[in-house]
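The following exercises concern one protein structure. Please attempt each task before reading its solution.

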Amino acid sequence: MASTLDHLKKHTTVVADTGDFESIAAYKPQDATTNPSLILQATQKSQYARLIDSAIEDAVKEGGSTGEITERAFDYLLVNFGIEILKIVPGRVSTEVPAHLSFDTQATIAKAKHLIALYERRGVSSDRVLIKIASTWEGIEAARVLERDHNIHCNLTLLFGFPQAVAAADAGVTLISPFVGRILDYYKTQNPDVAAAGGYNGAADPGVQSVQSIYNYYKKYGYKTIVMGASFRNIDEIIELCGCDFLTISPNLLKELQDKKDEITPRLSVEKAKSADLPKITYDEKRFRWEMNEDPMATLKLSEGIRKFAEDGAKLMKTLQERVSAGRK
């Protein structure tokens with residue numbers, strides 16, 4: 001009997017959201033996404049120690065100070081995980097630019113080009129890699145340059161507000177990742193009574209509604225940018241977004257969907273989107289910053305997400321630096 005996951009795959013491209021690549025093969029996702037937090041979690045598992053060892057060994061061979069070697073090892077580790085994931089998924093892997101570069105357009109461009117060069121050095125085509133960049137104004141502008149001038153495909157992440165989605169599409173990015181669950185988290189915290197009464201369940205979930213509005217806008221105006229819902233808290237959110245271009249789903253929720261046998265039908269469609277009454281909008285930098293400022297949820301969650309990814313990236317960097325320093329004594 002077909003699983004709910006099987007039914008979902010008929011209407012939506014399923015992506016695995018994890019750095020623990022050994023956990024995803026059974027679900028046969030098309031692509032996979034990673035971030036600093038997921039890579040940090042994966043490195044705590046003994047079976048991935050070889051990837052850390054390899055990253056440090058390759059970085060040490062090129063010489064330099066402890067700091068220089070550590071930074072190289074960090075990049076090599078991201079690519080090591082990406083390459084292992086690409087042995088499992090037939091499509092693409094998303095590899096994230098360090099979060100501390102989120103407000104530096106030129107540094108983001110340089111790091112993205114460097115990561116792609118590392119992949120290509122290992123025989124992986126740039127077509128199989130998406131560079132993940134936080135959806136700040138500076139990040140969106142970096143993605144514009146990468147897509148237009150360098151044919152580097154980008155995944156704009158930590159996307160919580162409609163201005164981010166519109167600006168990313170106008171920049172010609174390949175894919176965006178609106179964060180469904182984190183939007184829900186915000187509203188549950190702000191309005192616990194509504195949440196307790198089930199006011200955010202199913203189609204009333206504000207994270208689901210956010211992705212639906214972005215999807216409808218993109219399809220109405222013919223944008224090529226892929227909408228990939230992310231950061232899910234439960235399978236009901238996923239089911240409500242059946243029909244979305246892509247959904248990136250954690251292994252535990254993939255398992256729930258695989259174990260469930262309910263048939264599901266698309267909630268989103270190009271036909272419905274085309275008939276929606278939605279005005280065309282454009283954003284320059286001033287309007288983008290103002291409307292993000294006027295959205296407390298998007299402002300809070302974007303800054304919170306950047307800080308968390310930066311924190312976990314720093315923890316991973318510290319682990320690598322300790323290993324490098326120990327090896328130089």
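**Exercise 1.** Which residue follows helix 6, and what is the sign of its phi?

*Solution.* Helix 6 is followed by Asn151, and the phi of Asn151 is positive, near 55°. Helices (H or I, at least four residues) and strands (E, at least two) are DSSP runs, numbered from the N terminus. The structure is a predicted model, in which local features need pLDDT of at least 70, side-chain atom pairs count only at pLDDT 80 or more, and totals for chains, interfaces and linings use all residues. Residues are numbered from 1 along each chain as its sequence is written, and side-chain values use heavy atoms, with hydrogens and water left out.

**Exercise 2.** Compare the expected span of helix 6 with the distance between its end C-alpha atoms.

*Solution.* Step 1: helix 6 has 14 residues, 137–150. Step 2: the expected span is 1.5 Å times one less than the number of residues, and for helix 6 this gives 20 Å. Step 3: the end C-alpha atoms are 19 Å apart, which agrees.

**Exercise 3.** Determine which residues of helix 6 are buried and what covers them.

*Solution.* Step 1: buried means under 20% relative accessible area, exposed over 50%, and partly exposed in between (1.4 Å probe, protein chains only). Step 2: the buried residues of helix 6 include Trp137, Ile140, Val145 and Leu146. Step 3: the cover includes helix 5 (105–121), strand 4 (129–134), strand 5 (154–159), helix 7 (162–170) and helix 14 (285–293).

**Exercise 4.** Describe the surroundings of Thr43.

*Solution.* Step 1: Thr43 lies in helix 2 (residues 36–43). Step 2: Thr43 has a relative accessible area of 13%, so it is buried. Step 3: a polar atom of the Thr43 side chain is 2.7 Å from the backbone oxygen of Leu40. Step 4: leaving aside neighbours within four places in sequence, Thr43 is in contact (heavy atoms within 4.5 Å) with Ile52, Leu77, Phe81 and Leu316.

**Exercise 5.** How many cavities of 30 Å³ or more does a search of the whole structure find?

*Solution.* Step 1: on a 1 Å grid over the protein atoms alone, a cavity is a set of points where a 1.4 Å probe fits but cannot get out, and lining residues have an atom within 4 Å of a point. Step 2: the search finds three such cavities. Step 3: the largest cavity has a volume of about 70 Å³. Of its 13 lining residues, the closest to its centre are Val97, Pro98, Ala99, Ser102 and Ala134. Step 4: strand 4 gives the largest share of this lining, three residues.

Key
Polar contact = N/O pair within 3.5 Å; in protein donor to acceptor, adjacent residues only side chain to side chain. 1 Å grid on protein atoms, 1.4 Å probe; cavity = no way out; pocket = protein on both sides within 12 Å on 5 of 7 lines; lining within 4 Å. Points joined across faces, edges and corners; volume = space filled by probe spheres on them.
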